[in-house]
Every structure is written in structure tokens, then in C-alpha cells.
Amino acid sequence: MTKLKAGIIGATGMVGQRLITLLSEHPYFEISVLAASASSAGKSYAEAIEGRWKMTSPLPDAAANMRVYDAADADTVAGMCDFVFCAVNMGKEETRALEEAYAKRETPVISNNSANRSTPDVPMLIPEINEQHLEVIAYQRKRLGTKNGFICVKPNCSIQSYVPMISPLLKYSPTRMVVSTYQAISGAGKTIREMPEMVDNVKPYIAGEEEKSEKEPLKVWGHVEDGMIIPAKAPVISAHCVRVPVSDGHLASVFVDFENVPPREEIIAAWQDFKGKPQTLALPSAPKQFITYFDEPDRPQTALDRDIEGGMGVAVGRLEEDSVFDFKFIGISHNTLRGAAGGGVLSAELLYREGYIVSK
């Protein structure tokens, strides 16, 4: 098959680097253009990230020799690819304007940024959970005046350590949740070496994370009405978000109440049996087992279980009845794979197979 041409905007950052590793031998997509800030433009990619390669795997030779373009030059970059992944470090208004600029040039945008997550006609996609939200793309295209261009965003990486576990349980009407997330250093786009203040330390605050953790799940669980995604009204979520001295992997401690309380065995069965469109279509990046439950009392553990299913599955354990809430559990997801770059690639695979991304 002829592969679609993918651009990466924000290619020098951690998510951009991870995208390069994931796309270097992808069966559907090939990297055709790399773009970043004006300070990197004109350099080879190897020159642009000299001393800043954060991945454990080596930089692919093909990417190393590619020229980096200015992400602001949307005419040039959009002309070199069929669609783009966007993972920039900019303010929300600038990011929103940049993503719309590419979409209006008939170049679909798969975004890891937060700027468009609250836009009602922009799907915020976890492919196994809310692929039905893709129907709003037709309405978004009308608003943008495009035929093929659109924006599809990924949710915050931390919510994927608990939203997948609640999603199969929505039929029991969860009413309220308390969530504490213990988030890896790579969630800040850095390595442990680049954040020496995290050695032997925990930071009890991550700017903006708690609001995202409380609101974004409701959009994921919402419904489409008149061309807009209407967020769910329940469960009500209270969140604490903490930075911990871990390289990769976000852990969540979750307490939940239900209107119709299910038996413990039914919850575990619902997790183990849960599949989505990526599993049905056998997409290249899709985990065969989306949610894995561990019976052991000391699992899941970040270092042991963040790479489950190549980092694209999620792990859960310690499901127990609680003295205040109905149940509590521990969840883990890999924040730069399932939560960021890998989730973006999986979203692109689904959009391609569903006919939303096409060759120009």
C-alpha cells in the first residue's frame, strides 16, 4: 500500500521525538516533514536536537538527516504532507490559531495540545471509548469551511490512568469520584536528569492538571447533539495531581460511588472483556487487551506495568470495597505512549481506517 505522508509539528519536543520513533516503520504512515520553532528551522533534525534526544532508542537515521521547517510556515509544511501531528509548546491562543491554519489548508490535525480540547465540535478521542464523537467532524468542517481539514485532539495523558476503567462501568451510573494521580517527570516533557529537583522529592501541585482531570473525562463520556459534544453531567470528580520521581507512567488512586452498585466480580469481568473499535479493526498500535486486571495486592506497579501491551494498554488492580465510597482501585497508564504520542498515532490509524484522513 502507498503510505500517507505525516508531518510532525513540534518535532523537537519529547512528544515529537516519541512520534518519530513510533512512525519510523509504521505500516500506514511515513514521516514526510518535520517542523518546529523558527530557531530550529533550516537545520537538520540531528542538529536541532543535538544533546536533547530524550528517547532510550537511537534517533532513526532517516529523521536525523531531515531538514526542520518553521511550523509557522503552514503553506510550505501543509504542502508536504497529508496530515500532521501537532505537539507544540505555545500558548493556547497561538496553538489554536496554528492548528486551525493547518486544518484550513485541508490538512487534518491530530493534536496533543490542550488548546482545542474544550471546543464543542472538536472530538477529544480515546479511540476505544468514544469513536462515535468523530461524527462532529462534519460539523467542524462546515465551521472551518474545509472539505478534508479538521482538528482531532487527545485528552490529557493523566486521565487515561482511570477513564478507561470507568468507561465499561458507565451502565452502573457512577455518581462521584475522588482521583489522585501520581504523575511521571516525562509528563512535564523532561527526564530525571533535566529535573534534579525531583530526586528524593514529590511536588504536590501541577499547574492546570486538576481542572483537566475533573472536566476532560466528562467530555469523553459526553454525547453528540446538534453537531456538538455535550459533556456528561456525572460523575462529579474531585482530583489531586502530584509530580513524583518516576521517569514514565502515571498512576491513579481512584474512589468511586455508583447509583447502581455492581458486584466486584462484574467490574473485573467488564474490564477484562472491554474492547473498542481499535481492537475490532486490529489497528497496528492497538493493544489486544486494552485493560489488564492484576489480582496481586502489590500490582499494578509503575516500573513493572507501564509498558503493558507495548505501553498502549492500561493496568488496574486493588479493586476493593471502601468504607466511604463503594469501591476503590489503582490504575496505571504509560503517559508518553498511551497518554500522548502513541494515543495520537492510534487516533490517526482509526481516522484513516474510517475515511477521515486521505491522501491529497
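These legends describe close-up views of a predicted model.

**View 1. Helix 1 crosses helix 12 obliquely.**
Helix 1 covers residues 14–23, and helix 12 covers residues 341–353. Their axes come within 9 Å and cross at roughly 50°. That angle makes helix 1 oblique to helix 12, because it falls neither under 35 degrees nor in the range 65 to 115. The crossing of helix 1 past helix 12 is right-handed. Helix 1 supplies V15, R18, L19, L22 and L23 to the contact. Helix 12 supplies A341, G342 and V345. By class, the residues of this contact are six nonpolar, one polar and one charged. On helices in general, an α-helix has 3.6 residues a turn, so residues three or four places apart point the same way.

**View 2. Helix 1 is largely enclosed by the rest of the structure.**
How many of the ten residues of helix 1 are buried? Seven are, so the helix is largely enclosed. The buried residues are M14, G16, Q17, R18, L19, I20 and L23. Three strands and three helices can be picked out around them: strand 1 (4–9), strand 2 (29–36) and strand 4 (83–86), together with helix 2 (45–48), helix 3 (61–64) and helix 12. The buried residues of helix 1 pack against each of these elements. R18, L19 and L23 are buried, and these residues also take part in the contact with helix 12.

**View 3. N113 sits buried in a loop.**
The loop runs between strand 5 (109–111) and helix 6 (137–144). N113 has a relative accessible area of 8%, so it counts as buried, the limit being under 20%. Which backbone atom lies 3.3 Å from a polar atom of the N113 side chain? It is the backbone oxygen of C86. Beyond neighbours within four places in sequence, N113 is in contact with C86, A87, V88, T95, E99, V153 and K154.

**View 4. V88 is a buried loop residue in contact with N113.**
V88 lies in the loop between strand 4 and helix 5. Its relative accessibility is 17%, so V88 counts as buried. Leaving aside neighbours within four places in sequence, V88 is in contact with I9, G10, T95, L98 and N113. T95 is also among the contacts of N113. V88 and V15 are 73 residues apart along the chain. Their C-alpha atoms are separated by 8.9 Å.

**View 5. S253 is buried in strand 11.**
The strand spans residues 250–258. S253 has a relative accessible area of 17%, so it is buried. Which residues does S253 touch, not counting those up to four places away in sequence? They are V178, V179, S180, Y182, F329 and I330.

**View 6. Two peptide bonds that precede proline are cis.**
A cis bond joins A234 and P235, with omega about 5°. P235 lies in the loop between strand 9 (228–230) and strand 10 (236–243). The bond from R299 to P300 is also cis, and omega is near 5°. P300 is placed in the loop between strand 12 (291–294) and helix 11 (302–305). For background, most peptide bonds are trans.

**View 7. E106 and S173 have positive phi.**
Most residues other than glycine have a negative phi. E106 has phi near 60° and is not glycine. E106 is found in the loop between helix 5 (92–103) and strand 5. S173 has phi of about 60° and is not a glycine either. S173 is found in the loop between helix 7 (163–166) and strand 7 (174–183). Are these residues buried, partly exposed or exposed? E106 is partly exposed, with a relative accessible area of 27%. S173 counts as partly exposed, at 27% relative accessibility.

**View 8. D61 and A303 are exposed helix residues.**
D61 is in helix 3. Its relative accessible area is 64%, so D61 is exposed, the limit being over 50%. D61 and I332 are 271 residues apart in sequence. Their C-alpha atoms are 33 Å apart in space. A303 is in helix 11. A303 is exposed, with a relative accessible area of 58%. A303 and I229 are 74 residues apart in sequence and 36 Å apart in space, C-alpha to C-alpha.

Notes
Residues are numbered from 1 along each chain as its sequence is written. This is a predicted model: local features need pLDDT of at least 70, side-chain atom pairs count only at pLDDT 80 or more; totals for chains, interfaces and linings use all residues. Side-chain values use heavy atoms; hydrogens and water are left out. Axes are lines fitted to C-alpha atoms, for helices over the stretch in contact, and angles run from 0 to 180 degrees between N-to-C directions. Helices (H or I, at least four residues) and strands (E, at least two) are DSSP runs, numbered from the N terminus. Angles under 35 degrees count as roughly parallel, over 145 as roughly antiparallel, 65 to 115 as roughly perpendicular and the rest as oblique. A crossing is left-handed if the near helix is turned anticlockwise from the far one by less than a right angle, and right-handed if clockwise. Contact means heavy atoms within 4.5 Å. Ala, Val, Leu, Ile, Met, Phe, Trp, Tyr, Cys and Pro count as nonpolar, Asp, Glu, Lys and Arg as charged, and the others, Gly among them, as polar. Buried means under 20% relative accessible area, exposed over 50%, partly exposed in between (1.4 Å probe, protein chains only). A polar contact is a pair of N or O atoms within 3.5 Å; within protein, one must be able to donate a hydrogen and the other to accept it, and residues adjacent in sequence count only if both atoms are side-chain atoms.
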